[in-house]
Amino acid sequence: MHIVDLITKKRDGFALTKEEITYIIKGYTKGIIPDYQMSAFLMAVYFQQMNHEEATYLALAMRDSGDIIDLSAIEGIKVDKHSTGGVGDKVTLILGPLLASLGAKVAKMSGRGLGHTGGTIDKLESIPGYQVEVDIHDFIQQVETLGVAIVGQSGDVAPADKKIYALRDVTATIDSIPLIAASIMSKKLASGTDAICLDVKVGHGAFMKEEKDAEELAKLMVEIGTLAGKKMTAILTGMDEPLGHKIGNGLEVYEAIETLQGKGPQDLVEVTFVIGEQLLMDAGLAKDQSEARKMLEKTIADGSAFNKFAELVAAQGGDTSYLFDKEKLISKKTAFVKASKSGYITDINALDIGKAAGRLGAGRETMADVIYPEVGVDLHVKIGDKVEKDDVIATLYIRDKGVGEAIKLIEHAVIIGKEKKTVTLIKKTIG
Ligand code: URA
């Protein structure tokens with residue numbers, strides 16, 4: 001086989017075989033195929049797409065490029081969720097302990113944030129001492145004994161994806177449905193869980209701006225996972241405005257604590273519960289959605305879910321005093337954004353709100369950037385809310401940079417109009 005022939009074949013719109021795709025992934029991971037040929041191949045995929053079979057072979061070849069975590073020593077059905085990335089998405093922080101408090105086994109490997117979207121690992125690191133790098137044996141043991149572990153990517157999971165993702169990032173080939181599906185699923189399949197619920201975000205704060213693209217991506221990922229023997233569901237949820245109110249690492253832990261204590265914002269609670277219901281049913285812990293919802297409500301109301309979060313933080317070395325005195329998670333220095341006129345909130349550009357938090361120091365443009373855990377945005381309004389001129393619509397928790405820019409971005413992102421508008425949060429379930 002010759003890489004130039006395979007690039008040509010894809011460039012001309014033909015489907016590649018399993019052997020050909022495996023050859024490309026193995027060759028690139030080992031460094032035999034250079035970046036310039038892989039870039040050409042990725043661009044050919046970007047323009048010519050891949051059919052579902054090719055995307056599945058790609059995901060499997062990328063999964064097989066490194067370690068596959070064996071969770072079979074843990075009794076029961078191991079569950080996992082994955083979000084395609086949005087602004088203010090702190091669902092994992094809430095759902096992990098919530099499900100574990102109901103007897104599920106949650107084995108979660110999460111990522112860091114890049115660009116305007118946050119990452120669970122950065123959020124957890126805003127709790128001093130919380131260890132995200134956990135030895136794989138300790139990870140398995142913690143899932144077994146505590147029911148939940150949330151760690152960074154451990155072991156050598158899908159190294160082909162690490163290399164390819166970095167190349168896609170600099171060759172304008174990120175937003176390709178087969179490449180995104182294979183990238184996400186290679187890591188999910190390698191991490192060893194039995195049931196996976198994908199939260200596929202759609203809207204201007206998400207990778208997928210259009211519902212039809214989000215649905216295509218969701219269907220493809222469900223198909224790849226199902227073929228690999230996993231119980232799969234994908235839920236399309238709205239990212240037309242940030243999820244919840246708080247954006248920024250410490251602020252999102254703050255809001256996760258509030259939610260675990262029964263005081264969470266309605267949209268955040270709803271997305272968490274819908275995914276939670278699905279995973280409780282997949283794990284055989286609830287017979288239907290209505291039973292699952294009652295279980296989720298009860299474990300929050302009686303304090304078990306919050307206690308499990310405290311146990312999780314303690315097990316991974318975090319200072320639990322931050323959970324009981326959550327003001328320590330956020331900066332004492334603040335600034336405010338006010339409404340420019342009276343009316344209804346008709347749009348909130350989640351992407352710009354994410355960028356505003358980034359300018360304050362909550363995110364990074366390159367992996368080398370340092371994050372300030374205590375900064376971010378507390379957005380007091382949602383689409384459909386009524387505001388009067390000069391009402392405070394956002395509080396910024398700040399340090400020493402980006403305040404003017406962040407204020408401008410938020411003023412630009414929050415649109416005030418005359419008509420009351422509503423948005424659909426839970427759009428569709430696939431699988
Ligand atoms: N998340 C991933 O892990 N990979 C992609 O390609 C996009 C989002």
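Buried, on this tour, means under 20% relative accessible area, exposed means over 50%, and partly exposed is what falls in between. Keep those cut-offs handy, and remember that what you have open is a predicted model.

**Stop 1: Ala158**

Select Ala158 to begin. Its relative accessibility is 1%, so it counts as buried. You'll find Ala158 in the loop between strand 3 (148-152) and helix 8. Now look at the backbone: phi is positive here, about 45°, even though the residue is not a glycine. As background, most residues other than glycine have a negative phi.

Keep Ala158 on screen and add Thr29. The two are 129 residues apart in sequence, yet their C-alpha atoms are 9.8 Å apart in space. Thr29 belongs to helix 2 (residues 18-29). With 26% relative accessibility, Thr29 counts as partly exposed.

**Stop 2: the ligand**

Move on to the ligand and show what surrounds it. Which residues are around the ligand? They are Tyr165, Arg168, Ile180, Ser183, Ile184, Lys187 and Phe207. Colour them by class and you get four nonpolar, one polar and two charged residues.

Next, turn on the polar contacts:

- Lys187: one of its polar side-chain atoms sits 2.4 Å from a ligand oxygen.
- Ser183: a polar side-chain atom is 2.6 Å from a nitrogen atom of the ligand.
- Arg168: an N or O atom of its side chain is 2.9 Å from a ligand oxygen.

Put a surface on the protein while you're here. On its own the ligand has 240 Å² of accessible area, and the protein covers 90% of that.

Where does the shell come from? Helix 8 (159-169) and helix 9 (177-190) each give at least two residues to it. Helix 9 has the largest share, with four residues.

**Stop 3: helix 9**

Since helix 9 gives so much of that shell, select the whole helix. It has 14 residues and reaches 20 Å from first C-alpha to last, close to the 20 Å expected at 1.5 Å a residue. Is helix 9 mostly buried or exposed? Of its 14 residues, 13 are buried, so the helix is largely enclosed by the rest of the structure. Step just past its end to Gly192, where phi is positive at about 85°.

**Stop 4: helix 12**

For another helix, pick residues 266-282, which make up helix 12. Its 17 residues should span 24 Å at 1.5 Å a residue, and the end C-alpha atoms are indeed 24 Å apart. Helix 12 is mostly covered too, with 13 of its 17 residues buried. After helix 12 comes Gly284, another spot with a positive phi, near 75°.

**Stop 5: aromatic pairs**

How many aromatic pairs does a search of the whole structure find? It finds two.

For one of them, select Tyr46 and Phe47. Their ring centres are 5.2 Å apart and the planes meet at 85°, so this pair is edge-to-face. Tyr46 is partly exposed at 25% relative accessibility, while Phe47 is exposed at 61%.

Now jump to Phe306 and Phe324. This pair is also edge-to-face, with 5.5 Å from centre to centre and 85° between the planes. It links distant parts of the chain: Phe306 is in helix 14 (residues 304-315) and Phe324 is in helix 15 (residues 321-324), 18 residues apart. Which partner is buried and which exposed? Phe306 has 7% relative accessibility, so it counts as buried. Phe324 has 59%, so it counts as exposed.

**Stop 6: Gln49**

Go back along the chain to Gln49, in the loop between helix 3 (35-48) and helix 4 (52-63). Check its phi: about 65° and positive, although Gln49 is not a glycine. At 35% relative accessibility, Gln49 counts as partly exposed.

**Stop 7: Gly248**

Last, select Gly248, which sits in the loop between strand 6 (246-247) and helix 11 (249-260). Its relative accessibility is 5%, so Gly248 counts as buried. Then add Gly363 and draw a distance between the C-alpha atoms. What should the viewer show for Gly248 and Gly363 in space? It should read 7.7 Å, for two residues that are 115 apart in sequence.

How values were computed. Residues numbered from 1 in each chain as written. Predicted model: local features only at pLDDT ≥ 70, side-chain atom pairs only at ≥ 80, totals over all residues. Heavy atoms only, no water. Expected span 1.5 Å × (residues − 1). Buried < 20%, exposed > 50% of the residue type's maximum accessible area, 1.4 Å probe, protein only. Near = heavy atom within 4 Å. Polar contact = N/O pair within 3.5 Å; in protein donor to acceptor, adjacent residues only side chain to side chain. Areas by Shrake-Rupley, 256 points an atom, 1.4 Å probe, with all protein chains shown as cover. Nonpolar A, V, L, I, M, F, W, Y, C, P; charged D, E, K, R; others polar. Phe/Tyr/Trp six-rings, centres within 6.5 Å; stacked < 30°, edge-to-face > 60°.
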